[in-house]
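Colleague: Please take a close look at the charged side chains in this model. How is each one placed, and what lies around it?

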Amino acid sequence: MKKLFITAALLIGSGAVITTSVQSCATLATTDLGMAIVKKMLLRGIDRATATYSSKDAFMRNDLIEKALPKNLREIYNTLQRVAPSLVARQKENIAEVAVSTVNISKPILQNAVNNLTKEDVRRIVQGGKGVATTILIEKSSQQLVQALAPRVEQELNKYGVTKTLNTALSGSNILGGLLGGTRNEVNSGGLSMLVSEQLVNGMYNIIRQTEEESGDEIKRAVGN
């Protein structure tokens with residue numbers, strides 16, 4: 001692994017000035033500087049994701065969020081498109097409204113996970129390929145995020161009548177009970193809220209991962225790889 005020479009003092013976001021001497025990139029990864037570089041990149045991704053989720057229109061236009069649809073929820077939309085196409089756009093708009101209402105829950109959880117990264121986490125990120133930082137963030141926060149979001153999501157879905165609308169539109173369809181754990185012809189609101197929560201969480205990670213991949217060269221230059 002080649003040596004890194006940093007001859008100038010670097011100004012980190014907090015305003016603290018850090019000077020470094022000749023170090024290997026593996027060593028740098030465990031320093032305050034290496035930690036600051038990685039955290040700054042991840043926090044930038046979180047800001048980008050939560051800004052998208054704070055705007056209903058931005059949420060609905062983002063392909064990365066669409067790609068985060070769980071398979072079962074996608075099948076429900078596909079069925080709804082066949083039997084009641086006029087309802088598809090309305091349901092997606094309702095979920096965008098739900099997303100807006102959950103930003104204040106998800107953002108602090110993600111920020112806390114970043115702020116609690118260890119030197120070993122940062123070493124893995126610096127030495128790993130693209131996407132490793134987001135993978136580690138997922139390991140540290142995804143379960144907590146889904147559990148924190150699900151009750152709010154269920155509350156919001158009920159407020160907009162999403163579960164009731166689906167039950168009415170898709171009554172008689174064998175898809176409902178099998179996918180969502182309800183009866184043969186009825187959506188279980190808890191099952192639906194978990195699917196929507198998974199989409200919200202995975203969509204946010206997709207945006208963070210995209211930011212990481214765009215920042216990959218920046219990180220490599222910073223650590224001398």
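Modeller: Glu75 counts as partly exposed, because its relative accessibility of 26% falls between the limits of 20% and 50%. The model is a predicted one, and Glu75 is a convenient place to start in it. Its side chain meets that of Lys71 in a salt bridge, at 2.5 Å from N to O. Both residues belong to helix H5, where four positions, about one turn of the helix, separate them. Lys71 has a relative accessible area of 61% and is therefore exposed. The pair thus joins a partly exposed acid to an exposed base.

Helix H7 carries another pair. Glu120 and Arg123 form a salt bridge, again given as 2.5 Å from N to O. The two are about one helical turn apart because three residues separate them in H7. Glu120 is partly exposed, with a relative accessible area of 41%, and Arg123 is also partly exposed, at 26%. Elsewhere, Lys56, Glu93 and Glu97 are joined into one network by salt bridges that share partners.

Not every bridge stays within one helix. Lys107 pairs with Asp47, and their closest N and O atoms are 3.4 Å apart. Here the partners come from distant parts of the chain: Lys107 sits in helix H6 and Asp47 in helix H2, with their positions 60 residues apart. Both are partly exposed, Lys107 with a relative accessible area of 26% and Asp47 with 40%. Over the whole structure, the search finds 11 salt bridges.

Glu212 is a charged residue without such a partner. It lies in helix H11, which spans residues 189-223. Glu212 is buried but makes no salt bridge, and the nearest side chain of opposite charge, that of Arg209, is 5.2 Å away. A salt bridge requires a distance within 4 Å, so Arg209 at 5.2 Å does not qualify. What Glu212 does have is a backbone neighbour: a polar atom of its side chain lies 3.0 Å from the backbone nitrogen of Gly131. Leaving aside residues up to four places away in sequence, Glu212 touches Met41, Gly129, Lys130, Gly131, Val132, Ala133 and Thr134.

Met41 also appears in the surroundings of Ser215, another residue of H11. With the same exclusion of sequence neighbours, Ser215 touches Met41 and Arg44. The side chains of Ser215 and Arg44 are joined by a polar contact of 2.8 Å. Ser215 counts as buried because its relative accessible area is 5%, and the limit for that class is under 20%.

The nonpolar background to these groups is one core of 53 residues, the largest in the model, in which Leu42, Tyr53, Leu200 and Ile208 touch the most other members. Helices H2, H4, H5, H6, H7, H8, H9 and H11 each provide at least two of its residues. The most come from H6, which gives 12. The helices of the charged pairs described above, H5, H7, H6 and H2, are therefore among those that also supply this core. In soluble globular proteins, nonpolar side chains tend to be buried together.

Ile208, one of the four best-connected core members, touches Leu42, Gly45, Ile46, Ala49, Leu110, Thr134 and Leu137 beyond its sequence neighbours. Thr134 is also listed among the contacts of Glu212.

Close to the bridge in H7 in sequence terms is Arg124, which is touched by Ile136, as are Leu117, Asp121 and Ile125. Ile136 is in helix H8 and is buried, with a relative accessible area of 0%. Between the C-alpha atoms of Ile136 and Arg124 there are 8.8 Å in space, and 12 residues separate the two in sequence.

For scale, the protein has 225 residues, of which 49% are buried, and its secondary structure comes to 11 helices and four strands. The exposed area is about 10,900 Å², with 49% of it supplied by carbon and sulfur atoms. Among contacts with a separation of 6 or more, 73% are between residues 24 or more positions apart.

Notes
Residues numbered from 1 in each chain as written. Predicted model: local features only at pLDDT ≥ 70, side-chain atom pairs only at ≥ 80, totals over all residues. Heavy atoms only, no water. Buried < 20%, exposed > 50% of the residue type's maximum accessible area, 1.4 Å probe, protein only. Lys, Arg positive; Asp, Glu negative; His and termini not counted. Polar contact = N/O pair within 3.5 Å; in protein donor to acceptor, adjacent residues only side chain to side chain. Contact = heavy atoms within 4.5 Å. Core = buried A, V, L, I, M, F, W, Y, C linked by side-chain atoms within 4.5 Å. Areas by Shrake-Rupley, 256 points an atom, 1.4 Å probe, with all protein chains shown as cover.
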